[in-house]
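Here's a quick briefing for anyone meeting this structure for the first time. Have a look at the sequence and the model, then read on for a tour by topic.

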Amino acid sequence: MLHDRVLVRQDGGEGERRSTAGIVIPATASMGRRLSWATAVGVGPNVRSIVVGDRVLFDPDDRSEVELHGKEYVLLRERDVHAVAATRVDPDGTGLYL
């Protein structure tokens, strides 16, 4: 990885979802802008707040997809990440960098 790039693997598929009440929402349902969570699998040398294994929140519309060894990944700049969920945050915190 070069510069401020972050390589992530999306956690879930873009398929159907379930609401908190248990209602199935099909993948074809129209929704507003929704951010996605992914796991960082590679970071460049100039990335300061993300390490491999962190979960990151990003806009799926602003992404570059790449396929490596038959698996699909997303390539982002660090500035395109909206939040980072990490276990290394202090024990009294929420675990999120915003």
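Let's start with one residue and its neighbours: setting aside residues up to four places away in sequence, glutamate 78 touches Asp4, Val6, Asn46, Val47, Arg48, Ser49 and Ile50. Keep in mind that this is a predicted model. Some of those names, including Asp4 and Arg48, come back below.

**Glutamate 78 up close**
- You'll find glutamate 78 in the loop that runs between strand E7 (71–77) and strand E8 (81–85).
- Does glutamate 78 have a salt bridge or no salt bridge, and which side chain of opposite charge is nearest? Glutamate 78 is buried but has no salt bridge, and the nearest side chain of opposite charge is arginine 48, 4.4 Å away.
- A salt bridge needs the nitrogen and the carboxyl oxygen within 4 Å, so at 4.4 Å arginine 48 doesn't make one with glutamate 78.
- There is a link to the backbone, though: the side chain of glutamate 78 reaches the backbone nitrogen of arginine 48 at 3.1 Å.

**The chain as a whole**
- The secondary structure is zero helices and nine strands.
- Read from the N terminus, the order of elements is β-β-β-β-β-β-β-β-β.
- The chain has 98 residues, and 29% of them are buried.
- Take the contacts between residues at least 6 apart in sequence: 59% of these join residues at least 24 apart.
- About 6900 Å² of the chain is exposed, with carbon and sulfur atoms supplying 50% of that area.

**Salt bridges**
- How many salt bridges does a search of the whole structure find? The search turns up two.
- As a bit of background, side chains of opposite charge can pair when their charged atoms come close.
- One of the bridges joins aspartate 4 to arginine 5, with the closest N and O atoms 3.0 Å apart.
- Aspartate 4 also forms a salt bridge with arginine 77, and here the closest N and O atoms are 3.6 Å apart.
- That second pair links distant parts of the chain, since aspartate 4 sits in the segment before E1 and arginine 77 in strand E7, 73 residues apart.
- Put together, Asp4, Arg5 and Arg77 are linked in a network of salt bridges.
- Aspartate 4 counts as buried because its relative accessibility is 18%, under the 20% cut-off.
- Arginine 5 is partly exposed, with a relative accessible area of 25%, and arginine 77 is partly exposed too, at 28%.

**Aspartate 54, another buried acid**
- Aspartate 54 lies in the loop between strand E4 (36–43) and strand E5 (55–58).
- Is aspartate 54 buried or exposed? Its relative accessibility is 5%, so aspartate 54 counts as buried.
- A polar atom of the aspartate 54 side chain lies 3.1 Å from the backbone nitrogen of valine 51.
- Beyond four places in sequence, aspartate 54 touches Ala38, Thr39, Ala40, Ser49, Val84, Ala85, Ala86 and Arg88.

**Valines and a nonpolar patch**
- Which residues make the nonpolar surface patch of about 280 Å²? The patch is made by Met1, Val66, Leu68 and Leu75.
- Valine 66 belongs to strand E6 (residues 64–68) and counts as partly exposed because its relative accessibility is 31%.
- Patch members need over 30% relative accessible area, so valine 66 makes the cut with its 31%.
- Valine 43 lies in strand E4 and is partly exposed, with a relative accessible area of 26%.
- Leaving aside neighbours within four places in sequence, valine 43 is in contact with Met1, Arg5, Val6, Ile50, Val51 and Val52.
- Valine 43 and leucine 75 are 32 residues apart along the chain, and their C-alpha atoms are separated by 9.8 Å.

**Two histidines with positive phi**
- Most residues other than glycine have a negative phi.
- Histidine 3, in the segment before strand E1 (5–10), has a positive phi near 50 degrees.
- Histidine 69 also has a positive phi, about 55 degrees, although it is not a glycine.
- Histidine 69 is found in the loop between E6 and E7, and it counts as exposed because its relative accessibility is 84%.

Key: Residues are numbered from 1 along each chain as its sequence is written. This is a predicted model: local features need pLDDT of at least 70, side-chain atom pairs count only at pLDDT 80 or more; totals for chains, interfaces and linings use all residues. Side-chain values use heavy atoms; hydrogens and water are left out. Patches are made of residues with over 30% relative accessible area and no salt bridge: like charges are joined within 9 Å, nonpolar side chains (Val, Leu, Ile, Met, Phe, Trp, Tyr) within 5 Å. Accessible areas come from the Shrake-Rupley method with a 1.4 Å probe; for residues, only the protein chains shown count as cover. Helices (H or I, at least four residues) and strands (E, at least two) are DSSP runs, numbered from the N terminus. Buried means under 20% relative accessible area, exposed over 50%, partly exposed in between (1.4 Å probe, protein chains only). Lys and Arg count as positive and Asp and Glu as negative; His and the chain ends are not counted. A polar contact is a pair of N or O atoms within 3.5 Å; within protein, one must be able to donate a hydrogen and the other to accept it, and residues adjacent in sequence count only if both atoms are side-chain atoms. Contact means heavy atoms within 4.5 Å.
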